[in-house]
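Visitor: I've got the model open on my screen. Could you walk me through how some of its labels are earned?

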Amino acid sequence: MGSDVATEGFKARWLMAVPAVAAHMCIGSPWAWSVMADVLTRDFGVVASSANDWTLSQTALPLSIVFLFQGLSASVLGKWQAKVGPRASIAAAACSFGGGMLLGAAGVHFHSLPLLYGGYGVLSGIGIGLAYTPPIAALMQWLPDKKGIASGLTIAGFGSGALIFTPVIQALMKTFAQTPTYLGPASDFATKIVDGRLCVELNGATVEVVEAGAKEIAKLPYALSEGLYVVGSGSTGAAESIAVLGAVYFTVLMSAALTIKLPHSSFTVPGMPVVPKTSTPAPTWPDVNVDQAVKTPQLHLLGLTFFCMSMGGIGLMSVAKPMMSEVYSGLLPQVVTAAFASQYVLALSAANLSGRLVWSALSDMIGRRAVFILLTSCSIPMYCLLPTLVGQVASSGSPVPLYGFIGCTGLALSFMGACFALLPAYEADLYGAKNVGAIHGKLLLYMSGAALAGPLVLLNLRSRSEQAAMTELLEKVNPQSFLDTFGVSIDHASTLIASKTLTINKLLVLCPPGTVDPSPYLYDSTMYAMGGLMTVATLAHGLVRPLPVPKEFQVKAEAVKFEEIPGPQAKAVKAEEIPGPQAKTVKAGEIPGPQAKAVKVEEIPGPQAKAVKVEEIPGPQAKTVKAGEIPGPKGVEEKESVEYREIDTENEKKK
């Protein structure tokens, strides 16, 4: 792999952003997995789900597994990454991530869930964990004067991976897809149910078929006719497309591994002061190691906040495309097409990316805590509003509430993206910057739990809503009409539902005119549940407080000398602290007022910064001032009051 360190003369530090961002754009592609989750539910049937096709719960699970193993691998392999450097870490990630996608493609081809989960889920997840932190750390070393930009730019690449994956994978699937054999309108054939499967007699053989109606055709990216299609006679092109992208991602990641480097020890940034290195640097606060951090409630409260926010966002991303189709394609068929649903995934991906940039910039202005309060508290009404917006589209037929729905879910994804981007800086605020990498690895475990729980909870609630809706519809169906349509009595409905032969759309055809389609409301319970999670996040984050300053870092008030700035009417003074173990420089300005004699002293920000105020003791000729430290988050326990008397000399006045 060669040396991790650049040559002494290499100064083009911004070039290192290319391999860093490229690596993150590759490993960020799982954010668009919902595009594949939808396609894989009809891998055999192509136009509609057949009895042997996977369910949405099964095809959405790889997203959970991949982010679960990202967090686990980042936590377990963090020390190894620090030891071997970024190039070896990213090279290992190329093999793991690219190889995982190839194995996942084999799982789709052979219709094997264990292969799909083990490949795209486990191996690719480990690859993400291996390639996540090293590019960020490397670019921050090249841009020590712009650490926020270095971190934000790289993590933005991670958030934008879906923007590339979605159009590319769709173009590849169009290339490799094969249209299934079309038999003709369903009315031209006598269908029958065999072991729960929809079949027809064709040339003396029993052939399994799927029936594609107008709603099924509307969800497809290509124009087909309504009617019966032979199961297994076509292909979605999913397996081939995943394999091609796996090879591409391997190539890009390996190229990033070969080109990324750390700066030479002599590297300096023009205009940036060089901090001299000492063999025994003085201890500072905060500077908490990972073992101490995991024992503090702040870490776990922040982790719970991260868990809830991630659970909502990852849950949405795991089903974004099928959710848009299920909820709105029947209400607004001219608007919500297959292409529209794909563009919705792109919009959510863009929101995820923008959230990492916009909210990060805002946090530099108002602070991380303030931004987190805003994100968590605003998420509650936002999620709870979504079912209302769906109902407004159903009642009015207007697309305006649809765009409100898109805006709210986009904001939810931007909030989740902000959590990912802000947490390292928030951890540095609480624990110091030295051990942020290891501490962040522990917090990623909460994200892993959210990645597993989010889609499972969301899809489980949706499944319950679907079962309840179909039970209600079955009560409205005439048993004789059911028997004539499916060839079995209504008592066998559960078997037909399990084999995907019986769907809500087919039941609606048998229901009395005017029966309301329950499809748009299948996700209502999930949205209210997410609103509840955001409430937990708000409460958990509200309990996060700065760490108490240990006694050994508490500093008593120290002697200070004050010198008047020369000038005819000079009232302002400057102050310089007498050198000592905790020596600091301070500046002072006079309190406004025509006869003001009192002055206030404000310390220049620094690692050990403390605010100090100085007040003149009242009196006509008062020259004596007293100083006392102002209490604050970094204040001291043992506050002392010290008096300073002005000394008159020929050349100067000293306070």
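Guide: Sure, and keep in mind that this is a predicted model. Let's start at a turn: the hairpin of β3 and β4 has two residues between the strands, and N203 there takes a positive phi near 55°.

Visitor: What makes β3 and β4 a pair?

Guide: Pairing needs at least two bridges between two strands. Four bridges join β3 to β4 (residues 205-212), so the pair qualifies, and the two strands run antiparallel. Look at L202, which stands opposite A205 in β4.

Visitor: And how do you know that β2 and β3 pair?

Guide: Same test. β2 (residues 192-194) and β3 (residues 197-202) share three bridges, against the at least two required, so they count as paired. They run antiparallel. The bridge partner of V194 is R197 in β3. This hairpin also has two residues between its strands, and D195 takes a positive phi near 55°.

Visitor: Why are β1 and β2 called edge strands?

Guide: Each of them pairs on one side only. The open sheet has five strands in the order β1-β5-β4-β3-β2, with antiparallel pairing. From one strand to the next, the twist averages 50°.

Visitor: Over to the helices. Why is α8 called oblique to α10?

Guide: Helix α8 (residues 161-176) and helix α10 (residues 238-259) have axes that cross at roughly 130° and come within 8 Å. Roughly perpendicular stops at 115 degrees and roughly antiparallel starts over 145, so α8 ends up oblique to α10. The crossing is right-handed.

Visitor: Which residues make that contact?

Guide: From α8, F165, V168, I169, L172, M173 and F176; from α10, A238, E240, S241, I242, V244, L245 and Y249.

Visitor: What classes do the contact residues of α8 and α10 fall into?

Guide: Eleven are nonpolar, one is polar and one is charged. Glu counts as charged, so E240 is the charged one in that contact. Ser falls among the polar residues, so S241 is the polar one. Tyr counts as nonpolar, so Y249 goes into that class.

Methods: Residues are numbered from 1 along each chain as its sequence is written. This is a predicted model: local features need pLDDT of at least 70, side-chain atom pairs count only at pLDDT 80 or more; totals for chains, interfaces and linings use all residues. Side-chain values use heavy atoms; hydrogens and water are left out. Axes are lines fitted to C-alpha atoms, for helices over the stretch in contact, and angles run from 0 to 180 degrees between N-to-C directions. Angles under 35 degrees count as roughly parallel, over 145 as roughly antiparallel, 65 to 115 as roughly perpendicular and the rest as oblique. A crossing is left-handed if the near helix is turned anticlockwise from the far one by less than a right angle, and right-handed if clockwise. Contact means heavy atoms within 4.5 Å.
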